[in-house]
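Biologist: I am new to this structure and want to know what lies behind the words used to describe it. Please show it to me first, and then we can take the terms in turn.

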Amino acid sequence: MASYLVRYHSDQLLSIASSPDSNLHFPLYVDFAELMEDDPRIARLLFAQPNTYLQVFNDAALWAHKIVLGDMADDKNGVEKKFIHVRINISGSPLECPETFPTIGRVRVEHRGILLTLKGIVIRSGAIKMHEGERKYMCHKCKNSFTVYPEVEARNSIPLPSICPVQKSKPCGGTKFQYVENTIVCHDYQEIKIQESTQVLGVGAIPRSILVILKDDLVDVVKAGDDVIVTGILTAKWSPELKDVRCDLDPVLIANNIRRINELKSEIDISDDVVMKFKQFWFHFQDAPLKGRNAILRGICPQVFGLFTVKLAVALTLIGGVQHVDASGTRIRGESHLLLVGDPGTGKSQFLKFSAKLSNRSVITTGLGSTSAGLTVTAVKDGGEWMLEAGALVLADGGLCCIDEFDSMREHDRATIHEAMEQQTISVAKAGLVTTLSTRTTVFGATNPKGHYDPDQPLSVNTTLSGPLLSRFDIVLVLLDTKNPEWDAVVSSHILSEAEPDRTNSDEDLANIWPLPTLKRYIHYVKENFRPVLTREAEIVISSYYQLQRKSATQNAARTTVRMLESLIRLAQAHARLMFRNEVTRLDAITAILCIESSMTTSAIVDCIGNALHSNFTDNPDQEYAKQERLILEKLGSIDDFSDMNSMEG
């Protein structure tokens, strides 16, 4: 084994030998797929008996380290190390099969003792402690020393053997032992709890969790809210003794390796063929780009007829803008937030559920079933120690948090998410634990109006939501059931046609709708690969609109218009990404303005915004946009600026 490590991992061993500190614990990463190819027998033994062979590998790593250290004897920088731990990486190996890579809820007794890999979200992170790993005793009778290790099953206590364990031809049978001075080896020790993702569970299933023990170099590498893959050995420990309560064994995973997969997004596989299809799609619609955009938007919640404005807002919210950090270090979020306010039966919950399917990482909750602790973070006591347990916004870090029945939340609970939505952090001071957690998440809320919606009253009165909270949403769309007979006839015919599977033209309708997997891959691809920047034309449009709003806004609404400017930039960048571009054009800026205008009860630009519930897809969106663009530029007074700029370019 030492020769294998020298052959394949000499670079890591040289790096370890060059470190000046001899008392640190160093990891040595070994690929299981590489080991399987080089020595299948050892790989199988390592999988079947990890308790024994991981320790053998650690000893072999120390021997390999001494060999490498001997080869670099002329180099004075080499320092002999005491602790090197082999960490097994199963990526790309047969251990990724379901038998050795089950979900947390499917862990059974049969998995005990093998090299097991689990995937989940860190929901609880304990404090780092000092843990006694081993100590030596000497037998009074034969004078031989032996090492005793703590037992996890007995809550890390170190029991002495009843008889001398030293293996000889003739056992000595000694029963009295003496501790050998200065032989205690201490380790860093941390307990975390991981929970399986709710996206892989069926309706009604409760997500299961398991305790994970981290030691030495593995401690403090993950935090609450991280997606992780843990490889280790499944064992059990006695639950705390309580009066009149049966004492059971709780499963626990002793980690050998842990990987954060927040940035990997390995569940989304985008091949070159798929990217080529995206490029060919936009090449086909290069003369009518908005028609191509609408073909994509039709794939969003296709079971709901029409609602073009809502589907556009959902797409822009899921894609989001580009995060900006200025010279002073101030960070402006790139994630957008969306709120749907509407009468019952207008499809709000349908959009929430479909959006959760489109996001790589999503959490769905309701205002009635959520508290401030459930949304942010709660302090729990486990074994006499206080720990922080992540809530919905922390678990959705880097993804989407859908909150239905937003109006059912208590005012105190709604106030706790102000910081999470704008600063994208949650500051915690509970039970002596003071920290800050990351919540870089998109919030998608849905709420009913308070009684009958009154268009003459401001949105805060109609929804009972405070002005500061409403200002944190980039788009707020109002869906009112106005009982329009023409609209009811169109919707009813659409619902009836959906119920007829034998219609001849149903295939033609479905051919124009993007399937969910393709739509999910497209949103993921444009978010990862496009960083749009504003062109001069887009800057003029956004600046003119902002100045017009500042003139018409009261002093109390000044802060809202500043946030509105940031929302405009985010939405314009998101629309450029949706259009498969790396620059924000005039079209993107005007579309962002139309989305913002749809959020307002009174419009300073467009004479009639209309009800978002009755917005529908047009047959020729590019011609329709040309009319809207002319109207908006006239209102903004920017036509002269564009004509001057075009003449200068000419």
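Modeller: Start with Thr-439, which is in the loop between strand S19 (433-438) and strand S20 (442-447). Helices and strands here are DSSP runs numbered from the N terminus, with codes H or I and at least four residues for a helix, and code E and at least two residues for a strand. The model is predicted, so local features need pLDDT of at least 70 and side-chain atom pairs count only at pLDDT 80 or more, while totals for chains, interfaces and linings use all residues. Residues are numbered from 1 along each chain as its sequence is written, and side-chain values use heavy atoms, with hydrogens and water left out.

Biologist: Why is Thr-439 called buried?

Modeller: The relative accessible area of Thr-439 is 0%. Buried means under 20%, exposed means over 50%, and partly exposed is in between, with a 1.4 Å probe and protein chains only. Thr-439 is therefore buried.

Biologist: Which residues does Thr-439 contact, leaving aside its neighbours within four places in sequence?

Modeller: They are Leu-393, Val-394, Asp-397, Ala-420, Gln-424, Thr-425 and Ile-426. A contact is a pair with heavy atoms within 4.5 Å.

Biologist: What makes Asp-220 exposed and Cys-301 buried?

Modeller: Asp-220 has a relative accessible area of 55% and so counts as exposed. For Cys-301 the value is 0%, so the word is buried. Asp-220 is in the loop between strand S8 (209-215) and strand S9 (227-238), and Cys-301 is in the loop between helix H7 (289-297) and helix H8 (308-319). Neither is a glycine, yet phi is positive at about 65° for Asp-220 and at about 45° for Cys-301.

Biologist: Why is Lys-136 described as partly exposed?

Modeller: Lys-136 has a relative accessible area of 36%, which falls between the two cut-offs, so partly exposed is the term. Lys-136 sits in strand S4 (residues 129-139). Not counting residues up to four places away in sequence, Lys-136 touches Phe-146, Thr-147, Gln-178, Tyr-179, Val-180 and Thr-183. Ile-184 is 48 residues from Lys-136 in sequence, and their C-alpha atoms are 7.2 Å apart.

Biologist: How do you know that Ile-233 and Val-107 are buried?

Modeller: Ile-233 has 10% relative accessibility and therefore counts as buried. Val-107 has 16%, so Val-107 is buried too. Ile-233 belongs to strand S9, and its contacts beyond four places in sequence include Pro-50, Leu-54, Ile-114 and Val-252. Its C-alpha atom is 7.5 Å from that of Asn-256, 23 residues apart along the chain. Val-107 is in the loop between strand S2 (83-89) and strand S3 (115-125). Outside four places in sequence, Val-107 touches Pro-102, Leu-118 and Leu-234.

Biologist: Why are H7 and H22 called roughly perpendicular?

Modeller: Two packed helices are described by the angle between their axes and the distance between the axes. H7 and helix H22 (residues 621-636) pack at about 115°, with axes 7 Å apart. The axes are lines fitted to C-alpha atoms, over the stretch in contact for helices, and angles run from 0 to 180 degrees between N-to-C directions. Under 35 degrees is roughly parallel, over 145 roughly antiparallel, 65 to 115 roughly perpendicular and the rest oblique. H7 is therefore roughly perpendicular to H22. Pro-289, Leu-290, Lys-291 and Asn-294 of H7 meet Pro-621, Asp-622 and Tyr-625 of H22.

Biologist: How many of those residues are nonpolar, polar and charged?

Modeller: The contact of H7 with H22 has four nonpolar, one polar and two charged residues. Nonpolar covers Ala, Val, Leu, Ile, Met, Phe, Trp, Tyr, Cys and Pro; charged covers Asp, Glu, Lys and Arg; the others, Gly among them, are polar.

Biologist: What makes H9 and H18 roughly perpendicular?

Modeller: The axes of helix H9 (residues 348-358) and helix H18 (residues 516-529) cross at roughly 65° and come within 9 Å. By that angle, H9 and H18 are therefore roughly perpendicular. Phe-354, Lys-357 and Leu-358 of H9 make the contact with Leu-516, Leu-519, Lys-520 and Ile-523 of H18. Five of these residues are nonpolar, none polar and two charged.

Biologist: How many residues has the whole chain, and what share counts as buried?

Modeller: The chain has 650 residues, and 47% count as buried. Its secondary structure comes to 23 helices and 23 strands.
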